[in-house]
Amino acid sequence: MCGIFGIFNHEDAATITALGLHSLQHRGQESAGIATADGAKIACRREMGLVSQAFHEFDLSRLPGHIAVGHTRYSTTGSTHLDNAQPLEVEGMHGRIALAHNGNVINALPLRDEIERDWGCRFSTATDSEVIAQMLVNAPGKDWGERIAYLMRRLQGAYSVTFLTEDTL
């Protein structure tokens with residue numbers, strides 16, 4: 001029951017995302033996070049607890065950009081720990097992304113084993129969300145559309161995902 005939020009092309013994307021997450025707080029109260037992008041780089045902040053505890057005006061001012069994704073967590077896989085809070089930042093063959101995910105990928109463990117073995121990926125969490133993120137940034141394909149199509153053919157389960165790169169949502 002995580003809450004995910006995304007916005008593109010708004011001058012104060014972090015503040016709008018915080019408001020959106022506040023509205024989605026009922027979907028998860030374990031942790032909250034926002035990642036933003038300004039066309040050149042990604043900034044991210046994740047904290048344990050409620051949105052109102054995680055983000056204050058000062059925190060939001062340190063998340064520049066016109067693109068943002070946000071997440072409120074209700075854990076289904078992975079322990080209650082800041083390492084498992086989202087959005088997850090992952091870097092791979094095709095660049096850097098920040099990803100917010102809700103749902104369950106029922107074949108995450110065999111996929112994780114496969115991409116560790118075949119692609120040399122290293123994981124820092126125990127979540128199926130990181131499996132999605134690692135697959136996405138390392139998947140074959142000439143653009144994000146092809147990589148997403150590859151990913152969706154491989155994942156089994158029910159899920160929603162939003163992610164950003166330095167310049168797109």
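**View 1. The buried residue D59 and its surroundings in the predicted model.** In this predicted model, D59 has a relative accessibility of 10% and therefore counts as buried, the cut-off for that class being under 20%. The residue belongs to helix α3, which covers residues 57–61. A polar atom of the D59 side chain lies 2.9 Å from the backbone nitrogen of H56. When residues up to four places away in sequence are not counted, D59 touches R45 and A54.

**View 2. Strand β2, covered on both faces.** Strand β2 spans residues 31–37, and seven of its seven residues are buried. On one side of the strand the buried residues are S31, G33, A35 and A37, while on the other side they are A32, I34 and T36, so that both faces of β2 are covered.

**View 3. The partners of β2.** Strand β2 runs antiparallel to β3 (residues 42–48), to which it is joined by seven bridges, and within this pairing A35 has C44 of β3 as its bridge partner. The hairpin formed by β2 and β3 has four residues between the strands, and in this hairpin G39 takes a positive phi near 100°. Strand β2 is also joined by seven bridges to β4 (residues 67–73), again in an antiparallel arrangement, with A37 standing opposite I67 of β4.

**View 4. The open sheet of β5, β6 and β7.** Three strands, in the order β5-β6-β7, make up an open sheet with antiparallel pairing. Because β5 (88–92) and β7 (157–164) stand at the edges and each has a single partner strand, one side of each is left without a neighbour in the sheet. On average, and with direction ignored, neighbouring strands of this sheet are turned by 40° against each other. Five bridges connect β5 with β6 (residues 95–105), the two strands running antiparallel, and V90 has I97 in β6 as its bridge partner.

**View 5. Helix α5 lying across the sheet.** Helix α5, made up of residues 128–138, lies across β5, β6 and β7 and runs at about 140° to β6. Eleven of the eleven residues of α5 are buried, so the helix is largely enclosed by the rest of the structure. Among these buried residues are the charged-letter positions D128 and E130, as well as V131, I132, L136 and V137. The buried residues of α5 pack against the strands β5, β6 and β7 and also against the helices α4 (108–119) and α6 (144–154).

Technical notes. Residues are numbered from 1 along each chain as its sequence is written. This is a predicted model: local features need pLDDT of at least 70, side-chain atom pairs count only at pLDDT 80 or more; totals for chains, interfaces and linings use all residues. Side-chain values use heavy atoms; hydrogens and water are left out. Two strands pair if DSSP finds at least two bridges between them. Axes are lines fitted to C-alpha atoms, for helices over the stretch in contact, and angles run from 0 to 180 degrees between N-to-C directions. Contact means heavy atoms within 4.5 Å. Buried means under 20% relative accessible area, exposed over 50%, partly exposed in between (1.4 Å probe, protein chains only). A polar contact is a pair of N or O atoms within 3.5 Å; within protein, one must be able to donate a hydrogen and the other to accept it, and residues adjacent in sequence count only if both atoms are side-chain atoms.
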